[in-house]
Amino acid sequence: MNEISKTIADLIRKHLNDELNDQEKQELDNWVQQSEEHRLFFEQLTHEETLAATISEYETSRKIIFEKIKKAIPLSGETEIKSAGIRRLNPGRLTAIAASILVIGGVLVWWSVDRKDNRIAETTARPVIQQDLQPASEGAILKLADGKEIILDETKDGAIAQEGNTQITKSEGLLSYNGTDPSAKVLYNTLSTPKGRIYKLSLPDGSRVWLNAASSIRFPTAFTGNERNVEISGEVYFEIRKDVEKPFLVKVDHQTTIEVLGTEFNVNAYQNEKILRTTLLTGAIRMQSQDQPGTSVVLKPGQQAQWKNIPAIQPFTVVQQVNIEKVMGWKNGYFSFDDLTLEELMREVERWYDVEVLYENGVPSKSFFGKVNRNLSLLDFMEG
């Protein structure tokens, strides 16, 4: 599995602590030279005068943001939102302070780069919530062939339904289909996760599927014929059991078909994203445009196919050596930021915490770096 071992935020932290090896120094230098924004961001954390101003603005903005959240959430007398302040800006300790901001409580926290004069507190996105919200948990809705819906959050473990010759069982957040009768009548089920929920699925052939929040997969209760076909929306990670005589086909929102023999890959195809992405971890897959038959691309491990969420003349762009750690952050339990815009970040927050985000004065131009544990409550996430 090709994987970038260090996030940019971690490399900067190690740079500040003089802990980089030669390979990491080269990786960080390459990233800094990729764009002017990267260079400016790096200077914010390494140039003493710029750093002092940045830390001061960062801390002031945090305090104002916390006050806004407090006003939006009715807190009990025992509840408190804490903001650890930086009382002194000793020039001799600026790099240590910057490193501590990048790493608080053992996790990398997000940091914004704002080249405008607007203050963060005046333009920040604000979740509209009545109480602190917990992160996404296991839960989904299963729609059977006859239209009956089963809320898995409220269903005990064990056998929950029978579809033809296939038994459906639930066990500790995993839905399993056990039935391989090739003569069985083809029945289709749909598993969907609302905002604030995630779930795992074992398909009739033993392939494994992970659904991120606000996602769905439609699939047969038994794979018959010469192909294994499923349809998805949202974000889904696949581990496909190899069967050279029966290729696995994934249809993505009637736009793209992914042909698989046996591999691991992730598809991000939310309808409110401008760019949709398929990232290959192992094996090989072929991306086929449904709008333009004959337009296809084959991915190798570590590559990512991107296409606009509208019909395009040349729908696929291949990104080489994509940041797998960032792509798989949702499955591995953390938000991973690598030059992520505020608008992109807030869409993730909306799905993960089932919350609406409003912008008081338009969407500010910011980029975020680092990573944050996805098991934090919303207030803890904002405070981080």
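These legends accompany close-up views of salt bridges in a predicted model.

**View 1. D153 and R197 pair up across the chain.** Here D153 meets R197 in a salt bridge, with 2.7 Å between the closest N and O atoms. D153 sits in the loop between strand 7 (149-151) and strand 8 (158-163), while R197 belongs to strand 12 (residues 197-202). The two residues are 44 residues apart, so this contact links distant parts of the chain. D153 has a relative accessibility of 37% and counts as partly exposed; R197, at 28%, is partly exposed too.

**View 2. K371 and E325 tie a strand to a helix.** Look for the salt bridge between K371 and E325, where the closest N and O atoms are 3.1 Å apart. K371 lies in strand 26 (residues 367-373) and E325 in helix 7 (residues 324-327), so the pair ties together parts that are 46 residues apart in sequence. K371 is partly exposed at 24% relative accessible area, whereas E325 is buried at 8%.

**View 3. R374 and E348 form a buried salt bridge.** The side chains of R374 and E348 come together at 2.9 Å, N to O. R374 is found in the loop between strand 26 and helix 10 (378-383), and E348 in helix 9 (residues 342-353), 26 residues away. Both partners are buried.

**View 4. Four residues share one salt-bridge network.** E273, E343, R347 and R351 are joined through salt bridges that have partners in common. For the wider picture, a search of the whole structure finds 10 salt bridges.

Note on methods:
Residues are numbered from 1 along each chain as its sequence is written. This is a predicted model: local features need pLDDT of at least 70, side-chain atom pairs count only at pLDDT 80 or more; totals for chains, interfaces and linings use all residues. Side-chain values use heavy atoms; hydrogens and water are left out. Helices (H or I, at least four residues) and strands (E, at least two) are DSSP runs, numbered from the N terminus. Buried means under 20% relative accessible area, exposed over 50%, partly exposed in between (1.4 Å probe, protein chains only).
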